Amino acid sequence: MPGESRPPGVRRVAVIAAPPVSMFNLAIPEMLFGKVEIDGRPGYETVICAPDPGPVTTTGGLDLVVPHGLDAVAAADTVVLAGSGSSTDTDPRILDALRAAAADGKRIASICTGAFALAEAGLLDGRAATTYWAYRQSLAERHPSVDLQDDVLFVQDGPVLTSSGYAAGIDLCLHVIRTDHGAAVANTVARLALVAPVRPGGQTQFTQTPLPPERGASFAHTRAWAMAHLDEPLGLADLARHAGVSVRTLSRRFHAETGVSPLQWLLHQRVERAKELLETTPLAMDQVARASGLGTADSLRGHLTRRTGLTPSAYRASFNRLTATATV
């Protein structure tokens with residue numbers, strides 16, 4: 001506990017609960033670090049703390065009793081800020097504790113929306129970072145000096161780590177364990193916790209990545225027509241012909257309505273169709289490529305790897321919903 005001695009070799013992790021805290025976020029570090037054993041002894045001591053010890057509100061409306069104050073941060077080797085239901089007006093005492101920890105050279109990490117507090121404390125200025133994709137735009141607008149990384153699980157920039165959505169906090173903690181104790185220990189913890197083995201931070205968040213909100217519907221009919229013909233070699237001329245306008249007019253007005261060019265929109269839809277087919281059918285890779293309009297298996301591999309960080313075979317192995325899939 002804060003201020004008390006600890007066995008040799010045990011690393012201390014302070015997890016800050018910023019109300020209203022996510023209980024899932026809060027449980028991840030304790031669950032994973034608590035499973036680390038080195039030569040039969042605990043590898044970590046995890047302490048949950050808050051600005052005011054006692055009841056702390058959670059995003060689920062419950063109160064959670066946190067017995068330790070922020071003095072636990074000064075005694076820690078690693079500081080983890082759990083995600084909160086509030087991304088603004090972080091308690092100044094938390095910001096001060098984070099800045100002091102950074103000045104002391106401690107490793108500092110955030111899960112999900114915890115990145116907002118790190119940014120507010122100035123710890124992400126000029127650093128690569130990430131957060132849950134749904135909050136990315138908000139973080140970018142409030143803290144333009146942060147080098148936000150799109151659609152990744154977690155990012156480490158020096159001693160500062162940030163993760164995206166809730167479950168990506170698992171990947172971040174496993175990465176920390178691997179850094180401290182090696183891949184074998186991290187993978188043992190993953191097996192004990194019944195979660196996926198260590199995944200690279202550059203792997204994508206595996207969300208249905210949204211296009212910008214549509215701001216018009218004059219080409220909605222053409223977009224619906226294109227969705228029904230994704231397996232055909234559609235180009236700008238085909239879309240313009242269906243819409244009854246010139247290619248130049250199509251490009252200008254389509255971008256105004258969707259926020260992306262016609263070909264960017266078309267590629268996005270084709271990759272999403274390919275992902276759907278990999279998840280729900282046993283089609284061979286060349287068949288998936290043709291049915292989604294990506295042409296060849298090599299083209300499918302290139303586009304999917306750039307978008308998700310996984311090859312088509314690896315994506316299918318992770319997400320296929322069938323009890324039996326084709327081996328390709």
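The legends below describe an overall view and several close-up views of a predicted model of one protein chain.

**View 1. The whole protein chain, with its 14 helices and 12 strands.** The protein chain has 328 residues, and buried residues make up 45% of them. Its accessible surface comes to about 15,200 Å², and carbon and sulfur atoms account for 54% of that surface. When contacts between residues at least 6 apart in sequence are considered, 63% of them join residues that are at least 24 apart.

**View 2. The surroundings of Ser84, in the loop between strand E7 and helix H3.** Strand E7 covers residues 78–81 and helix H3 covers residues 92–103, with Ser84 found in the loop between these two elements. Is Ser84 buried or exposed? Ser84 counts as buried because its relative accessibility is 12%, which is under the 20% cut-off for that class. A polar atom of the Ser84 side chain lies 3.2 Å from the backbone oxygen of Ala18, and a polar atom of this side chain also lies 3.2 Å from the backbone oxygen of Pro20. Once residues up to four places away in sequence are set aside, Ser84 touches Ala18, Pro19, Pro20, Val21 and Thr113.

**View 3. Cys49 and Cys112, two buried cysteines.** Cys49 counts as buried because its relative accessibility is 0%, and Cys112, with a relative accessible area of 3%, is buried as well. How many disulfides does the count come to? The count comes to 0 disulfides, when a pair of cysteine sulfur atoms must lie within 2.5 Å to qualify. For orientation, a disulfide is a covalent bond between the sulfur atoms of two cysteines.

**View 4. Helix H6, residues 168–181, and the residue that follows.** Helix H6 has 14 residues and reaches 20 Å from its first C-alpha to its last, which is close to the 20 Å expected at 1.5 Å a residue. This helix is mostly covered, since 11 of its 14 residues are buried. Among the buried residues of H6 are Ala168, Gly169, Ile170 and Asp171 towards the start of the list, together with Cys173, His175, Ile177 and Asp180. H6 is followed by Gly182, a residue whose phi is positive, near 100 degrees.

**View 5. Leu236 and its contacts, in helix H9.** Leu236 is found in helix H9, which covers residues 236–243. With a relative accessible area of 26%, Leu236 is partly exposed, because this value lies between the 20% and 50% cut-offs. Although Leu236 and Val247 are 11 residues apart along the chain, their C-alpha atoms are separated by 6.3 Å. Leaving aside neighbours within four places in sequence, Leu236 is in contact with Val247 and also with Leu250, Ser251, Pro262 and Leu263.

**View 6. Confidence along the protein chain, from E7 to residues 323–328.** The protein chain averages a pLDDT of 85, and 87% of the residues score at least 70. Which elements have the highest and the lowest confidence? Confidence is highest in E7, at a mean of 97, and lowest in helix H14 (residues 312–319), at a mean of 81. Over residues 205–214, pLDDT stays under 50, and the model has 33 contacts beyond four places in sequence for this stretch. Over residues 323–328, pLDDT likewise stays under 50, and here the model has 8 such contacts. Where pLDDT is low, the predicted coordinates should not be read in detail.

Definitions and conventions:
Residues are numbered from 1 along each chain as its sequence is written. This is a predicted model: local features need pLDDT of at least 70, side-chain atom pairs count only at pLDDT 80 or more; totals for chains, interfaces and linings use all residues. Side-chain values use heavy atoms; hydrogens and water are left out. Helices (H or I, at least four residues) and strands (E, at least two) are DSSP runs, numbered from the N terminus. Buried means under 20% relative accessible area, exposed over 50%, partly exposed in between (1.4 Å probe, protein chains only). A polar contact is a pair of N or O atoms within 3.5 Å; within protein, one must be able to donate a hydrogen and the other to accept it, and residues adjacent in sequence count only if both atoms are side-chain atoms. Contact means heavy atoms within 4.5 Å. The expected span of a helix is 1.5 Å times one less than its number of residues. Accessible areas come from the Shrake-Rupley method with a 1.4 Å probe; for residues, only the protein chains shown count as cover. pLDDT is the predictor's confidence in each residue, from 0 to 100.
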